[in-house]
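Let us walk through this structure, one strand at a time. Keep the sequence and the 3D view side by side.

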Amino acid sequence: MAVAPDCVVTIHYTLKDDAGEVLDRSVPEEPLAYLHGHGNIIPGLEKQLDGKNIGDALTVTIAPAEGYGEYDDRLVQSVPRRALRGIKDVKPGLRLQAQTPEGSRAVIVSKVLGDMVTLDGNHPLAGKSLHFDVRIEDVRAATEEELSHGHVHGPDGHHEH
């Protein structure tokens, strides 16, 4: 069975940056399973896997626009530290949820300078090319329940919501 929309695809992968540094990888005994065609993985990787078969291995580079998007300076904002009242130990790398006119958004503290805190709403991999080594381990038809929920369920067919 080839990789196609509405299939559950199981892959092993290694993700590297332009310098060749490993950013993420699947655990040997726990490959990643996702529902193809439902936005469960980045669009560029999903396109590259379309039509491939069990056992296929590929090395692909995904441009930022097909990965986590281009870096957007408009998503970076400096706020007074008092705007983060109740949050102890505000320092770079701290992940927070910010309320915006568009709803809740994940942000990261990128800088603390005096009383000002810089929050960055970009994904940490925004603006970066992504280099994947992927091997397709399994492809199967998704169950009706997986299709209605939009994601893969575990081996026993259940998933905690």
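This is a predicted model. Start at strand β8, residues 116-120. This strand is mostly covered. Of its five residues, four are buried.

What lies beside β8? On one side of the pairing list is strand β7, residues 103-113. Five bridges join β7 to β8, and the two run antiparallel. One contact to find is Val-112, whose bridge partner in β8 is Val-117. Now follow the chain between these strands. β7 and β8 form a hairpin, with two residues between them. Gly-114 sits in that turn. Its phi is positive, at about 60°.

Strand β5, residues 76-80, also pairs with β8. Again the strands run antiparallel, and five bridges join them. Look for Gln-77 here: Leu-119 in β8 stands opposite Gln-77.

Next, turn to the aromatic rings. A ring pair is described by the distance of the centres and the angle of the planes. How many aromatic pairs does the model hold? The count comes to one, taking ring centres within 6.5 Å as the cut-off. The partners are Tyr-13 and Phe-132. Their ring centres are 6.4 Å apart. Why is the pair called tilted? The planes meet at 55°, and a pair counts as stacked under 30 degrees and as edge-to-face over 60, so this one is tilted.

Where do the two residues sit in the chain? Tyr-13 belongs to strand β1, residues 7-16. Phe-132 belongs to strand β9, residues 130-141. They are 119 residues apart, so the pair links distant parts of the chain. Both Tyr-13 and Phe-132 are buried.

Methods: Residues numbered from 1 in each chain as written. Predicted model: local features only at pLDDT ≥ 70, side-chain atom pairs only at ≥ 80, totals over all residues. Heavy atoms only, no water. Phe/Tyr/Trp six-rings, centres within 6.5 Å; stacked < 30°, edge-to-face > 60°. Buried < 20%, exposed > 50% of the residue type's maximum accessible area, 1.4 Å probe, protein only. Pairing = 2+ DSSP bridges.
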